[in-house]
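Okay, thanks for coming, everyone. I'd like to walk you through a structure that's probably new to most of you. Let me put it up on the screen.

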Amino acid sequence: MHRTRDIREKIDTLKTQHRILDDRIVALETDPTSDQLKIQRLKRQKLTLKDEISRLKTSLLPDIIA
């Protein structure tokens with residue numbers, strides 16, 4: 001069961017990083033002089049985190065043999 005706990009902790013860490021990136025993106029988007037390329041990179045990084053969170057959540061689901 002340590003594996004499940006480790007995965008849940010990793011998911012929580014990634015969710016925190018995702019929220020931090022979201023806050024940075026919102027702050028940059030409100031500034032008209034901000035670098036659009038930087039915003040795009042942060043959005044891509046945020047999407048990568050979201051994909052990793054989804055992958056880890058899926059790994060927690062038991063395999064169901066139909």
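Let's start in the loop between helix 1 and helix 2, where you'll find S34. Quick note before we go further: this is a predicted model.

So, is S34 buried or exposed? It's buried, because its relative accessible area is 11%, and the cut-off for buried is under 20%. A polar atom of the S34 side chain sits 2.9 Å from the backbone oxygen of D31. If you skip the neighbours within four places in sequence, S34 is in contact with L28 and I39.

Those two residues bring us to the core. L28 and I39 both belong to the largest nonpolar core, which has 11 residues. Helix 1, running 2-30, and helix 2, running 36-60, each supply at least two of them. Which helix gives the largest share? That's helix 1, with six residues.

Now helix 1 itself. With 29 residues at 1.5 Å a residue, helix 1 should span 42 Å, and its end C-alpha atoms are indeed 42 Å apart, so the two agree. Its buried residues are I7, I11, L14, L21, I25 and L28, and helix 2 is part of what covers them.

Let me pick out two of those. I7 touches L56, S59 and L60, leaving out residues up to four places away in sequence. Then there's L21, which counts as buried at 5% relative accessibility. With its neighbours within four places set aside, L21 contacts L42, Q45, K46 and L49. Take L49: it's 28 residues from L21 in sequence, but their C-alpha atoms are 9.7 Å apart in space.

On to charges. Side chains of opposite charge can pair when their charged atoms come close. How many salt bridges turn up in the whole structure? Four, and I'll show you some of them.

K46, which we just met as a contact of L21, forms a salt bridge with D22, with the closest N and O atoms 2.7 Å apart. That pair links distant parts of the chain, since K46 is in helix 2 and D22 in helix 1, 24 residues apart. D22 is partly exposed, at 29% relative accessibility.

E29 and K43 also meet in a salt bridge, at 3.0 Å from N to O. E29 is in helix 1 and K43 in helix 2, so this pair ties together parts 14 residues apart in sequence.

Last one: R5 and E9 form a salt bridge at 3.8 Å, N to O. Both lie in helix 1, four residues apart, about one turn of the helix.

Methods:
Residues are numbered from 1 along each chain as its sequence is written. This is a predicted model: local features need pLDDT of at least 70, side-chain atom pairs count only at pLDDT 80 or more; totals for chains, interfaces and linings use all residues. Side-chain values use heavy atoms; hydrogens and water are left out. A nonpolar core is a set of buried Ala, Val, Leu, Ile, Met, Phe, Trp, Tyr and Cys residues joined through side-chain atoms within 4.5 Å. Buried means under 20% relative accessible area, exposed over 50%, partly exposed in between (1.4 Å probe, protein chains only). Helices (H or I, at least four residues) and strands (E, at least two) are DSSP runs, numbered from the N terminus. Contact means heavy atoms within 4.5 Å. The expected span of a helix is 1.5 Å times one less than its number of residues. A polar contact is a pair of N or O atoms within 3.5 Å; within protein, one must be able to donate a hydrogen and the other to accept it, and residues adjacent in sequence count only if both atoms are side-chain atoms. A salt bridge is a side-chain nitrogen of Lys or Arg within 4 Å of a carboxyl oxygen of Asp or Glu.
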